[in-house]
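Okay, thanks everyone. I'd like to talk about aromatic rings today, so let me put the sequence and structure up.

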Amino acid sequence: FDSGEIRMKFKTLLFAAAVLSSASVNTAFAMDKGDWLMRFGGSYVDPKSNNSELVSVDSAASFTFNFSYMMTANWAVELLAAYPFKHDIKLLDGTKVASTKHLPPTVTLQYHFAPTSKFQPYLGLGINYTNFFSTKTTGPLEGTDLSLSSSWGWSGQLGADIMLNEKWFLNLDVRYIDIETDAKLDGDNLGKVDISPWVYGANVGFRF
């Protein structure tokens with residue numbers, strides 16, 4: 001072989017090695033049908049401003065976790081759960097009048113755009129059920145009974161898994177959740193409180 005042929009064959013081998021190396025990395029990171037993904041971390045719930053004409057609901061943070069099942073390499077279904085979030089409820093002048101806790105289980109259908117990459121973004125659309133409980137009044141409303149009804153609504157999600165190896169990954173996501181509750185004080189209707197928060201999450205994940 002002359003030097004030109006040797007250089008050409010060497011370049012061909014290098015290219016083939018690079019392709020095989022890339023393929024092996026992608027295979028290691030690849031999500032497959034039947035995989036389960038568990039993510040656990042924290043989320044910050046930031047309700048919309050001007051929740052109602054009477055009160056505002058403050059932001060809150062809590063521990064959250066979710067499980068996703070890969071129905072195909074691209075499509076997954078996720079269940080979100082959390083340790084209860086606790087929110088202060090204030091009058092529009094900033095006076096605290098109550099606090100409440102809520103749980104926001106959410107089922108989301110997700111589409112994963114790049115299931116073989118190290119960076120795996122996805123979009124989701126789902127249904128949320130929010131249950132309010134342990135609502136307590138204070139200050140000007142102390143001694144009264146404030147109740148908040150449960151809420152059903154839709155949710156949207158944008159997230160990404162960042163693979164560390166074939167099992168462990170980091171996760172970031174942002175959700176918009178449609179939450180609207182009916183508020184009653186001593187049985188009298190106060191109207192609707194539109195919370196509809198943005199939810200920001202950071203998690204560590206494990207695939208099994």
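One bit of vocabulary before we start: a residue is buried under 20% relative accessible area, exposed over 50%, and partly exposed in between. And keep in mind that this is a predicted model.

How confident is it? The chain has a mean pLDDT of 88, with 87% of residues at 70 or more. The stretch to be wary of is residues 20-25, where pLDDT is below 50. Apart from near neighbours in sequence, that stretch makes zero contacts in the model.

Now the rings. How many aromatic pairs are there? The count is ten. Take Trp 36 and Tyr 69: their ring centres sit 5.0 Å apart with the planes at 50°, so we call this pair tilted. Tilted is what you get between the stacked cut-off, under 30 degrees, and the edge-to-face one, over 60. The two residues are 33 apart in the chain, with Trp 36 in strand β1 and Tyr 69 in strand β3.

So are these two buried or exposed? Trp 36 has 39% relative accessibility, so it falls in the partly exposed class. Tyr 69, at 30%, is partly exposed too.

Next up, Trp 154 and Tyr 176. This is a tilted pair, 5.5 Å between centres and 40° between planes. Trp 154 belongs to strand β10 and Tyr 176 to strand β11, so the pair ties together parts 22 residues apart in sequence. Trp 154 comes out partly exposed at 44%, and Tyr 176 is partly exposed at 25%.

Last one: Phe 63, Phe 65 and Phe 67 are joined by ring pairs into a cluster.

How values were computed. Residues are numbered from 1 along each chain as its sequence is written. This is a predicted model: local features need pLDDT of at least 70, side-chain atom pairs count only at pLDDT 80 or more; totals for chains, interfaces and linings use all residues. Side-chain values use heavy atoms; hydrogens and water are left out. pLDDT is the predictor's confidence in each residue, from 0 to 100. Contact means heavy atoms within 4.5 Å. Rings of Phe, Tyr and Trp (its six-membered ring) pair if their centres lie within 6.5 Å; planes under 30 degrees apart count as stacked, over 60 as edge-to-face and the rest as tilted. Helices (H or I, at least four residues) and strands (E, at least two) are DSSP runs, numbered from the N terminus. Buried means under 20% relative accessible area, exposed over 50%, partly exposed in between (1.4 Å probe, protein chains only).
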